[in-house]
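User: I would like to learn how to read a helix and its aromatic pairs in a model; could you take me through it?

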Amino acid sequence: MSFEIKIDKNDLYGFTLYYTYSGIMGKLWVIFSIICLVGAYITYGQVNIQGTVALIVLGLLFTVIQPLLLYQKCCQRVKKTDAFNNSFIYTIKKKGFSISQGDIVQKVRWDEIFKIVATKKAVYFCITPSHAQIIPLDQLDGKAEEFKAFLKNEVTDEVMKKGL
């Protein structure tokens with residue numbers, strides 16, 4: 001099974017959001033933000049305006065400001081990184097997969113994968129907790145279900161941690 005994939009800013013942003021918010025710290029940041037926003041609402045008019053504004057800013061920090069900054073960073077990275085200007089060729093096999101771009105080829109065995117994560121829009125082959133190969137499902141030419149079925153059947157449960 002082989003696919004030609006071109007990673008754009010939205011694909012990179014999807015992974016970045018997953019990476020940032022799927023762990024314990026990401027969940028704590030969201031809870032903290034919600035608590036701050038609820039606190040600002042409850043205490044509005046009971047405390048000075050600076051206190052309310054501070055709670056609102058803290059509340060928006062991880063729910064609005066951080067995602068906007070991450071999007072900006074992804075846009076800059078895609079624009080500045082030559083590898084994102086060309087397509088990657090992913091070849092998926094029983095023992096692993098390879099990624100090629102021009103003359104450069106990287107082969108990865110399934111047992112080298114930290115985990116595989118499937119979201120609604122992409123599959124991430126996580127090499128490390130912070131480095132992944134991104135496969136946007138909308139670029140699989142209608143073979144997304146076949147691709148997921150292949151992964152379910154061929155990759156061990158240790159690697160298939162989530163989502164397929």
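Analyst: We begin with the basis of the model, then turn to one helix and to aromatic pairs. This is a predicted model, in which local features need pLDDT of at least 70 and side-chain atom pairs count only at pLDDT 80 or more, while totals for chains, interfaces and linings use all residues. Residues are numbered from 1 along each chain as its sequence is written, and side-chain values use heavy atoms, with hydrogens and water left out.

User: Which residues of α2 are buried?

Analyst: Buried means under 20% relative accessible area, exposed over 50%, and partly exposed in between, with a 1.4 Å probe and protein chains only. In α2, a helix being a DSSP run of H or I of at least four residues and a strand one of E of at least two, numbered from the N terminus, the buried residues are Gly26, Ser33, Cys36, Gly39 and Ala40. Seen down the axis of α2, they fall within an arc of 150° (taken from the directions from the helix axis to the C-beta atoms), so they line one face of the helix. On the other side of α2, Ile24, Ile35, Tyr41 and Ile42 are exposed.

User: How is a pair of aromatic rings described?

Analyst: A pair is described by the distance of the centres and the angle of the planes. Rings of Phe, Tyr and Trp (its six-membered ring) pair if their centres lie within 6.5 Å, and planes under 30 degrees apart count as stacked, over 60 as edge-to-face and the rest as tilted. The structure holds 14 aromatic pairs. Trp29 and Phe62 have ring centres 5.0 Å apart and planes at 10°, so this pair is stacked; Trp29 lies in helix α2 and Phe62 in helix α3, 33 residues apart.
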